[in-house]
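Let us walk through this structure one piece at a time. Keep the sequence and the 3D view side by side as you read.

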Amino acid sequence: MYKNFSLVLVSLLILGACSQPEKPDVSTAKTINVSQQDPFIWLEDVDGEKALDWVRKKNKRSLAVLENEPQFEELYAANKKILNADDRIAYVSQMGDYLYNFWRDGEHVRGIYRRTTLESYQSDDPEWEIILDVDALAEQENENWVYKGMNCRQPVYDRCMVNLSRGGADATVVREFDLHDKAFIEEGFYLPEAKSGVSWVDKNHLLVGTDFGTDSVTDSGYPKIVKLWQRNEPLEEADTVFTGNQSDVGIWPITFYDGDSQYLMIRQSESFYSGRQFILDEQFKPKQLDIPKDADVAGLINGQLLVNIKSDLALTDRIYKQGSLVSTPLKALINDQTDYQLVMSPTKEMAIAGVNTSQDYVFVNTLDNVSSVLYQFDPSDNWSKQVIDMPELGSVSVSGTSDTNNDVFINYHNYLTPSTLYHYQADSEKLSVIKQLPEQFNADPYQVEQYFMTTADGTRVPYFVVHHKDMVYDGQNPTLLYGYGGFEVSIRPRYLSIVGTDWLANGGVYVVANIRGGGEYGPAWHQAALKEKRMVAYNDFIGVAEDLIDKNITSPEHLGIYGGSNGGLLVGAVTMLRPDLFNAVVSAVPLLDMRRFNQLLAGASWMGEYGNPDIPEQWAYIKTYSPYHNLKADKDYPEIFFTTSTRDDRVHPGHARKMAALMEAYGHDFYYYENIEGGHGGASNNDQTAYLRALIYSYLLMKLK
């Protein structure tokens, strides 16, 4: 055993040993005060050779185990087959006379952007016209391009600004593209790599927020300034139309269209959940609109601005309750008048999950106890509504709408039912199946149940359990519990595909916890776990885990947990709080050092969610759950599997790196995989995604079966 723990730490820092160190005597090991003097801060140097050498060694050690698990190759091959299959649904957007789709498969690893007509799309074998081949572009330019979307000029759809990322990062290069000629425009609009926001004014003018140089980005790394940029004008000479504050999350230009009318707007996001809305006049002067700061603008139709309110809206003679969808005439709002009308107010068990508009209708996607119900509203008939008849107990999403017609595409799936894409003609209320995903695993042996766990404060927290119909309640079932619990993100039922192949088919039980912090029951469900109330989300998750054990579905020996990003923080925090409950933990692209999260990449933008650790009163509650600051040398922990990406420029890979290094210093076993590219998703193409999932499920099967 090691007598001097400080010598162990020094040797780790210098050598970055490939194999697990001999465990020190944890009874004499000293706690490292990472708040006062962080010995692993050098791992925040994303591309530093010393840090990357550490990454390669940790990758090598972990992959030597996981790639040699008996099921790894089979899982990897099965995942690639699913992700690259030709019979997947090609989801589309409408622009003019065409439907557009971005597609990746085994032949097009980076992907192709393509188009077809509605008539052709309705056939079994649509004829696609390739608009942009990202694989060919990457080879031609010798760049690791990852397609990140395009913004095209309405309503003519002749020019687009294409976003291309190097290796999957959020920051993109933005280049002008001719949609008719299917080619980039030489000497066209071009923005170098940055986290930019772009909106069309006309063919020769853009509203641009980007990194213009000194003092032009916020503490969160997003644009602070929006300029009006004219074609052939040097970017630095463009006129500034709006300047935000250094503490803002970001400033974003937005263009709304309503029939033949165009409205240029700017969103000043003061925090992740609050901000101000401005409209630009004919001289591009901004005028603030009287909209609640914590509300979201959800759309514009027939002159009515749709607003989703996140707190009660008190008017002279009435109050619209939190979570409602309201409307007000935009022109009246511009003239400092408000005439808010109620479109929809959710019930206690309901939340508004999405709002879409077509030429004449508004579609409101709601969650009723975490299952979708879709409504169609007619603004010309005093907001009359009707339910669109969709299958029950699943998840619905609306896509591909256009403000030039009433053709809508609606997708439905649940945990065991593959996606079905419907074409809905809102004028005639005709709903027809247009595409259907083939079964990707045999779902017949399985069933889905929804349970409710009651917390100490009396709140009923729902969770779904997907299991074999013949499951024995003996506490021996390998069980994977997934959660997120933050940012008002609702975790809705979705077809399990890879989970079905990799986990259910190998005897696993899959559980999704709809804990507070998410949006499953609207803004109040989210706000219940904000900032100083964060422990509510973690206790909810622990409560679901204990409920699974109490029901004899599983036991700590067979229970694993999985979360990514904020979910990576979730599983990290609950592992520090209750390491006795779990035998496997997958912490993917996680936040873990909550003392420095606001100083790393986009971290400052999340202080509205977690608080500001630089304020002593707020650090006092943040430190109670920060995984990096609650790891102990003298406790036993499950062997956590950390996954991250070098090219993740949203959540810094230093979080996972430093947590793993601290675990190693304390002699705790762990697994680690960092993709050298891949962005915040951890993978930049289908093959990388298949590989990562094979690693994760190999680890889970190894630990829990």
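A residue counts as buried when its relative accessible area is under 20%. Keep that cut-off in mind for strand 26, residues 371–378. Seven of its eight residues are buried, so the strand is mostly covered. One caution applies throughout: this is a predicted model.

Strand 26 has a partner on either side in sequence. Start with strand 25, residues 362–368. Seven bridges join strand 25 to strand 26, and the two run antiparallel. One such bridge pairs L367 with S372. The two strands form a hairpin with two residues between them. In that turn, N369 has a positive phi of about 50°.

Now go on to strand 27, residues 384–387. Strand 27 also runs antiparallel to strand 26, joined by four bridges. Here Y375 has V387 as its bridge partner. This hairpin has five residues between its strands. N382 takes a positive phi near 55° there.

What holds such strands together? Strands of a sheet pair through backbone hydrogen bonds, either parallel or antiparallel.

Next, find the open sheet of eight strands. Its order is 32-33-35-34-36-37-38-39, and its pairing is mixed. Strand 32 (446–454) and strand 39 (670–675) stand at the edges. Each has a single partner strand, so one side of each is left without a neighbour in the sheet. From one strand to the next, the twist averages 15°.

Look inside this sheet for a parallel pair. Strand 36 (residues 559–564) and strand 37 (residues 584–588) pair in the parallel sense over five bridges. Y562 has V586 in strand 37 as its bridge partner.

Helices lie across the sheet's strands. Helix 2, residues 49–66, lies across strand 38 (640–645) and strand 39. Helix 2 runs at about 115° to strand 39. Helix 10, residues 566–577, lies across strand 36, strand 37 and strand 38. Its angle to strand 36 is about 145°.

Is helix 10 enclosed or open? Eleven of its twelve residues are buried, so helix 10 is largely enclosed by the rest of the structure. Among the buried ones are N566, L570 and M576. Its length can be checked too. At 1.5 Å a residue, the twelve residues should span 16 Å. The end C-alpha atoms are 16 Å apart, which agrees.

Finish with the disulfide. The structure holds one. C152 and C160 form it, with their sulfur atoms 2.1 Å apart. The link is right-handed, with 100° about the S-S bond. Both C152 and C160 are buried.

Notes
Residues numbered from 1 in each chain as written. Predicted model: local features only at pLDDT ≥ 70, side-chain atom pairs only at ≥ 80, totals over all residues. Heavy atoms only, no water. Pairing = 2+ DSSP bridges. Axes fitted to C-alpha atoms, helices over the stretch in contact; angles between N-to-C directions. Contact = heavy atoms within 4.5 Å. Expected span 1.5 Å × (residues − 1). Buried < 20%, exposed > 50% of the residue type's maximum accessible area, 1.4 Å probe, protein only. Disulfide = S-S within 2.5 Å.
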